[in-house]
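Hi,

Here is the structure I promised to pass on. Have a look at it first, and my notes follow underneath.

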Amino acid sequence: MFLSLPTLTVLIPLVSLAGLLYSASVEENFPQGCTSTSSLCFYSLLLPITIPLSVFFHLWTWMGIKLFRHN
């Protein structure tokens with residue numbers, strides 16, 4: 001069974017924050033070492049940005065389709 005949207009809205013940022021805190025505690029040079037794509041730190045900083053933006057643009061596209069269909 002799939003999780004509901006309110007549950008995912010709370011769960012995804014918490015998982016992203018947990019990954020960010022984990023990588024901050026594991027990486028020795030946390031802010032400077034995040035530039036390499038092979039680093040876990042890079043993806044823990046990328047996820048909190050990518051997920052809300054993808055949700056926003058999916059909703060933007062859906063709203064555009066709804067408005068175009070009704071006009």
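P52 sits in helix α2. Keep in mind that this is a predicted model. With a relative accessible area of 47%, P52 counts as partly exposed, because that class covers values from 20% up to 50%. There is another proline to look at alongside P52: P13 is 39 residues away in sequence, yet the two C-alpha atoms are 8.8 Å apart in space.

Both prolines turn up again in the pocket. P13 and P52 are among the residues that line the largest pocket, and the space in that pocket comes to about 300 Å³. Two elements give two or more residues each to the lining, namely α1 (5-26) and α2 (40-70). If you want to select the residues in your viewer, the lining consists of L5, L8, T9, I12, P13, S16, P48, I51, P52, V55, H58 and L59. How many of the lining residues are nonpolar, polar and charged? The split is nine nonpolar, three polar and no charged.

Now the chain as a whole. The count of secondary structure elements is short: two helices and zero strands. The radius of gyration is 17 Å, whereas a compact globule of 71 residues would come out near 11 Å. Along the principal axes, the C-alpha atoms fill a box of roughly 55 × 30 × 15 Å. Of the 71 residues, 10% are buried. The exposed surface adds up to about 6100 Å², and 76% of that comes from carbon and sulfur atoms.

There is also an annotation to set beside the coordinates. An unreviewed UniProt entry places a "transmembrane region" at residues 42-65. In the model, residues 42-65 are 100% helix and 0% strand, with the end C-alpha atoms 34 Å apart. That label comes from the record, while the helix content is computed from the model.

Last, the start of the chain. L3 and S4 both lie in the segment before α1. Are they buried or exposed? Neither label fits: L3 is partly exposed at a relative accessible area of 49%, and S4 is partly exposed at 38%. The value for L3 falls in that class because exposed means over 50%. For some distances from this end, S4 and A18 are 14 residues apart in sequence and 21 Å apart in space, C-alpha to C-alpha. L3 and F68 are separated by 65 residues in sequence and by 30 Å in space, again between C-alpha atoms.

Over to you.

Cheers

Conventions:
Residues numbered from 1 in each chain as written. Predicted model: local features only at pLDDT ≥ 70, side-chain atom pairs only at ≥ 80, totals over all residues. Heavy atoms only, no water. 1 Å grid on protein atoms, 1.4 Å probe; cavity = no way out; pocket = protein on both sides within 12 Å on 5 of 7 lines; lining within 4 Å. Points joined across faces, edges and corners; volume = space filled by probe spheres on them. Helix = DSSP H or I, 4+ residues; strand = E, 2+ residues; numbered from the N terminus. Nonpolar A, V, L, I, M, F, W, Y, C, P; charged D, E, K, R; others polar. Rg over C-alpha atoms; globule rule 2.2 N^0.38 Å. Buried < 20%, exposed > 50% of the residue type's maximum accessible area, 1.4 Å probe, protein only. Areas by Shrake-Rupley, 256 points an atom, 1.4 Å probe, with all protein chains shown as cover. UniProt positions renumbered as here; feature names shortened; annotations may be inferred.
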